[in-house]
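Reader: Before we discuss individual residues, please set out the terms and conventions that the discussion will rest on.

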Amino acid sequence: MSTETNDTETDAGESSGHCSTPDSDGEVAEEIAIVSFERKLDVAEEVKAGIGDGYERVDIIEYHGDVFEEHWGKYDCFVGLMASGIAIRKTAPLLDDKWDDPAIVVVDEGLTWAIPITGGHHGANQVAHDLSQLGAVPAMTTASEAAGKQGVESKAKALDAHVVNGDSTVATNLAVLNEELGPVARLDGPRAVLVDDDVTVLKRNSERGVVLGTGTVSGVKKSQVLDAWAAALDDLGLDFSDVDFVATGTRKEGEEGLYEAAQEISSGVVLFERETLEAFEGPSPSRSKELIGWPGIAEASAIAGGREHDLAREKERFDDAVTVAVGQ
């Protein structure tokens, strides 16, 4: 089922996992250097073992006075296993532009705190969050995250996209903080768009891919979601690497099993408001519309999220817990 409109609006939920393709603007970190004093190398190995599977490359580099300067530009993020003062003094003279500089996170020997020093929205918050798996508390000080909100760079990550005009994010992240930004509006082309300096433009990283429209029962397990996705994709001759993102309704925000499954396949979760889903209602009958007034989440979110606003596969219910439709 396709529609005549080319405009959709999305709320990008918390990114669950890392984008598969890092972009030139550096909102994500894929290549990590853990910089450690010799006496802390065993802790560095623990950190590498704990987060290494989530990144393309994690190296351990022994600290010396010029270590940051020597490796500047070779990594997306430095994890300094040291006092924050050392990392600040050694990297401050090297900093130039937040869109080009590597992110910097410091963590103490006891893995108690993970503190983004620079590049919070450009990989540091992401790495600090991943270090929480080892027990470290991520001390994020970027305004939007400190307020429990999602900045536009994080929205881009969830959508597997990147920010085209970085200077705009000061204004748009302030709007996020003040709850004035609203959902991300998507325009399908060909089309020319004229924007002001306070409009952040996101561009998708991948040229093609499908959207996993997903509805679940409350308390669904990660394994149930993964099995359902795998079965739906296998029917189309696809696998998890072909997925752009997972789409669902805002009423499923925070569904733990769904988010854990998305993290497992390194995909972001995009949340659609009910009004958007109503504009992209799928062809199959929906009990949720009869019972609570919401259109079928799986098909509507798959259609809304797909580039062509069409279905590659109509919805199917798996294990009486997960409903999946595939959008294209």
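Author: A residue is called buried when its relative accessible area is under 20%, exposed when that area is over 50%, and partly exposed in between, with a 1.4 Å probe and protein chains only. This is a predicted model, in which local features need pLDDT of at least 70 and side-chain atom pairs count only at pLDDT 80 or more, while totals for chains, interfaces and linings use all residues. Residues are numbered from 1 along each chain as its sequence is written, and side-chain values use heavy atoms, with hydrogens and water left out.

Reader: Is Leu-271 buried or exposed?
Author: Leu-271 lies in strand S13, residues 269–272, where strands (E, at least two residues) and helices (H or I, at least four) are DSSP runs numbered from the N terminus. Its relative accessible area is 4%, and because the limit is under 20%, Leu-271 counts as buried.

Reader: What distance separates the C-alpha atoms of Leu-271 and Thr-250?
Author: Leu-271 and Thr-250 are 21 residues apart along the chain. Their C-alpha atoms are nevertheless separated by 5.0 Å.

Reader: In what order do the six strands of the open sheet run?
Author: Two strands pair if DSSP finds at least two bridges between them. The edge strands, each pairing on one side only, are S3 (57–62) and S7 (137–138). The pairing in this sheet is mixed, and the order is S3-S2-S4-S5-S6-S7.

Reader: Which residue of S5 is the bridge partner of Val-79?
Author: Strand S4 (residues 77–81) is mostly covered, with five of its five residues buried; Val-79 is on one side of it with Cys-77 and Leu-81, while Phe-78 and Gly-80 are on the other. S4 pairs in the parallel sense with S5 (residues 103–107) over four bridges. In S5, the bridge partner of Val-79 is Val-105.

Reader: Which helix joins S4 and S5 in a β-α-β unit?
Author: The unit is right-handed, a term for a crossover whose path from the first strand over the helix to the second runs clockwise with the strands pointing away from the viewer. The helix, residues 84–91, is H3.

Reader: What is the area of the nonpolar surface patch that includes Leu-187?
Author: Leu-187 is partly exposed, at 41% relative accessible area, and because patches take residues with over 30% and no salt bridge (a Lys or Arg side-chain nitrogen within 4 Å of an Asp or Glu carboxyl oxygen), joining nonpolar side chains (Val, Leu, Ile, Met, Phe, Trp, Tyr) within 5 Å, this value is over the area limit. Together with Val-193, Val-195 and Val-199, Leu-187 makes a patch of about 290 Å².

How values were computed. Patch = residues over 30% accessible without salt bridge, like charges linked within 9 Å, V, L, I, M, F, W, Y side chains within 5 Å. Areas by Shrake-Rupley, 256 points an atom, 1.4 Å probe, with all protein chains shown as cover.
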